[in-house]
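Got the model open in front of you? Let's work through it together, one question at a time.

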Amino acid sequence: MKGAQIGSITIEALRKGVKLIDMEFEKNSSPEETAGAIVVAGMQTSTEVYDSVFTENVGTALQNFGRMLVMNSKFNNNTATGDFLSNDVEKQGGGVGGAAINSEGGMMFFSGCSFKGNNAEKKAPAVWSHDGSGIDGGNNCGLVNRITTTRNDVCDGIYFKSTQMCQPFAGGSCPSV
């Protein structure tokens, strides 16, 4: 899906499971680049993403409120802008979570994913997690994921709001090619 406005997929089904397999999401955003979430899982929704590619999405690539499993997917050059729709920064792509946002009450598990060249204006250019429920399941890697407004600091991992720390991915640095 390419060039969609206000996200190309929004999932709000309660107690339903959704699987996305071998999907490509490129250059999606909202009109004001404020909520470019590609997948928004509602509370009590189970979403699984396999073998998918997220490239140059503006706002964030994935935004999660429910339970989300992300396996063997690639996140390249996604951007979280500083614009947001409310004061609830982590729920609107407000400069955090260039590739993914795990909002309050959500559980997001990553395994076998690569995060390359994602940017955020405030924090967490790769993954933002409201609390400890953003989980690095292993074999994830990051390469040059930058916070653009603070001397281009790098955070190649999951940034936890609760501790204000970036936990590098267990898989270390991705190959540059």
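What follows is a set of questions and answers about strands, rings, cores and cysteines.

This is a predicted model, where local features need pLDDT of at least 70, side-chain atom pairs count only at pLDDT 80 or more, and totals for chains, interfaces and linings use all residues. Residues are numbered from 1 along each chain as its sequence is written, and side-chain values use heavy atoms, with hydrogens and water left out.

Q: In which sense do strands E19 and E20 pair?
A: Strands here are DSSP runs of E with at least two residues, numbered from the N terminus. Two of them pair if DSSP finds at least two bridges between them. E19 covers residues 157-160 and E20 covers residues 165-168, and with four bridges between them the sense is antiparallel.

Q: In the hairpin of E19 and E20, which residue takes a positive phi?
A: To get your bearings, find Gly157, whose bridge partner in E20 is Pro168. Four residues sit between the strands of this hairpin. The positive phi, near 55°, belongs to Gln164.

Q: Why is the pair of Phe115 and Phe169 stacked?
A: Rings of Phe, Tyr and Trp (its six-membered ring) pair if their centres lie within 6.5 Å; planes under 30 degrees apart count as stacked, over 60 as edge-to-face and the rest as tilted. A search of the whole structure turns up seven aromatic pairs. In this one the ring centres are 4.7 Å apart, and the pair is stacked because the planes are at 15°.

Q: How many residues apart are Phe115 and Phe169?
A: Phe115 sits in strand E12 (residues 114-116), while Phe169 is in the segment after E20. Both are buried, where buried means under 20% relative accessible area, exposed over 50% and partly exposed in between (1.4 Å probe, protein chains only). Their ring pair links distant parts of the chain, and the separation is 54 residues.

Q: Which strands hold Trp128 and Tyr159?
A: These two rings also form a stacked pair, 5.5 Å centre to centre with 20° between the planes. Trp128 counts as buried at 5% relative accessibility, and so does Tyr159 at 9%. The pair ties together parts 31 residues apart in sequence, because Trp128 lies in E14 (residues 127-129) and Tyr159 in E19.

Q: Which elements give two or more residues to the largest nonpolar core?
A: A nonpolar core is a set of buried Ala, Val, Leu, Ile, Met, Phe, Trp, Tyr and Cys residues joined through side-chain atoms within 4.5 Å. The largest has 20 residues, and those touching the most other members are Phe54, Leu62, Val70, Phe75, Phe110, Phe115 and Val127. The elements you're after are strand E7 (67-71), strand E11 (107-111) and E19.

Q: Where is Cys174, the disulfide partner of Cys141?
A: A disulfide is a pair of cysteine sulfur atoms within 2.5 Å, and the structure holds two. Cys141 and Cys174 are joined at an S to S distance of 2.0 Å, and both are buried. Cys141 is in strand E16 (residues 141-143), and 33 residues away Cys174 is in the segment after E20.

Q: Is Cys166 buried or partly exposed?
A: Cys166 forms a disulfide with Cys155, their sulfur atoms 2.1 Å apart. Cys155 lies in the loop between strand E18 (153-154) and E19, and Cys166 in E20, so the link ties together parts 11 residues apart in sequence. Cys155 is buried, with a relative accessible area of 2%. At 30% relative accessibility, Cys166 counts as partly exposed.

Q: Why does Cys113 have no bond to Cys141?
A: Cys113 is buried, at 1% relative accessibility. The closest cysteine sulfur to its own is in Cys141, and that is too far for a bond because the distance is 9.0 Å.

Q: Which side chain makes a polar contact of 2.8 Å with that of Asn102?
A: Asn102 is in strand E10 (residues 100-102) and is buried, with a relative accessible area of 0%. A polar contact is a pair of N or O atoms within 3.5 Å; within protein, one must be able to donate a hydrogen and the other to accept it, and residues adjacent in sequence count only if both atoms are side-chain atoms. The Asn102 side chain makes one at 3.2 Å with the side chain of Ser133. The contact of 2.8 Å is with the side chain of Asn64.
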